[in-house]
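Trainee: I've got a new structure to look at, and I'd love to go through its side chains with you. Please keep it plain.

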Amino acid sequence: MSADRAKLKRLRRLERLRAITRQTALGEAAKAETTLAQVITLEARTAALITAYAARRDAIDGGELQRMQQFIAGLTRIADTTAGDLARARSHADARAAEAAEAERRRAAVEDRVSATQQRIARKAAESATPAAAAAKGAVGTALE
């Protein structure tokens, strides 16, 4: 029985470690989702600026029109870079979410093993207590009779 109790102690320690790992993974997933949301906002704002400047028709001369076109081209390059950043942020967020899910599965598996071990200990304790209870009542013979 002491072997089961030692195993239960180890499993509980492992369960605490898995819970800490899960919390860390959830924190990393939350950070990745926050970064993703910021990049999405940046992409939308950049696209809105490009649209707003492209719609302007108030250039007084060719030099001003050329500067505006260069500015729009610069914004477009930023938008292209942001699109790449968005893809990387989305991939990173998905990976962190998968890691959090895996950490939860591992923690739940250890929790199930703890529960099974506790039930086995309780069952063994009940089985060992049953013959003693019968002897206390004055029963004669073995448990097999």
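**Charged pairs, a core and two rings**

Trainee: Let's start with D4: is it buried or exposed?

Mentor: D4 is buried, because its relative accessible area is 10%. Buried means under 20%, exposed means over 50%, and partly exposed is in between, using a 1.4 Å probe and protein chains only.

Trainee: Anything I should know about the model before we go on?

Mentor: This is a predicted model, so local features need pLDDT of at least 70 and side-chain atom pairs count only at pLDDT 80 or more, while totals for chains, interfaces and linings use all residues. Residues are numbered from 1 along each chain as its sequence is written, and side-chain values use heavy atoms, with hydrogens and water left out.

Trainee: Back to D4, then. Which residue is 2.8 Å away from it in a salt bridge?

Mentor: That's K124, with 2.8 Å between the closest N and O atoms. A salt bridge here is a side-chain nitrogen of Lys or Arg within 4 Å of a carboxyl oxygen of Asp or Glu. The pair links distant parts of the chain, 120 residues apart: D4 lies in helix α1 and K124 in helix α2. Helices are DSSP runs (H or I, at least four residues), as are strands (E, at least two), numbered from the N terminus.

Trainee: And how does R120 meet D4?

Mentor: Their side chains form a salt bridge too, at 3.7 Å from N to O. D4 in α1 and R120 in α2 are 116 residues apart. R120 counts as partly exposed because its relative accessible area is 24%, and K124 is partly exposed at 36%.

Trainee: How many salt bridges does the structure hold?

Mentor: It holds 11. Among them is one between R106 and E102, with the closest N and O atoms 3.2 Å apart.

Trainee: Why are R106 and E102 about one helical turn apart?

Mentor: Because they are four residues apart in helix α2. R106 is partly exposed at 46%, and E102 is partly exposed at 31%. There is also a network of salt bridges that links R22, E104, R107 and E111.

Trainee: Changing topic: which residues make up the largest nonpolar core?

Mentor: Six residues: A32, L36, V39, L86, A89 and A93. Helices α1 and α2 are the elements that give two or more residues to this core. The term covers buried Ala, Val, Leu, Ile, Met, Phe, Trp, Tyr and Cys residues joined through side-chain atoms within 4.5 Å.

Trainee: What does L86 touch?

Mentor: Leaving out residues up to four places away in sequence, L86 touches L36, V39, I40 and E43. Contact means heavy atoms within 4.5 Å.

Trainee: Where is R96, and is it buried or exposed?

Mentor: R96 sits in helix α2, residues 62-136. It is buried, with a relative accessible area of 14%. With residues up to four places away in sequence not counted, R96 touches A25, E28, A29 and A32.

Trainee: Last one: how many aromatic pairs are there?

Mentor: A search of the whole structure finds one. Y53 and F71 form it, edge-to-face, at 4.8 Å centre to centre with 70 degrees between the planes. Y53 is in helix α1 (residues 2-55) and F71 is in helix α2, 18 residues apart. Rings of Phe, Tyr and Trp (its six-membered ring) pair if their centres lie within 6.5 Å; planes under 30 degrees apart are stacked, over 60 edge-to-face, and the rest tilted.

Trainee: Are those two rings buried or partly exposed?

Mentor: Y53 is partly exposed at 24%, and F71 is partly exposed at 41%.
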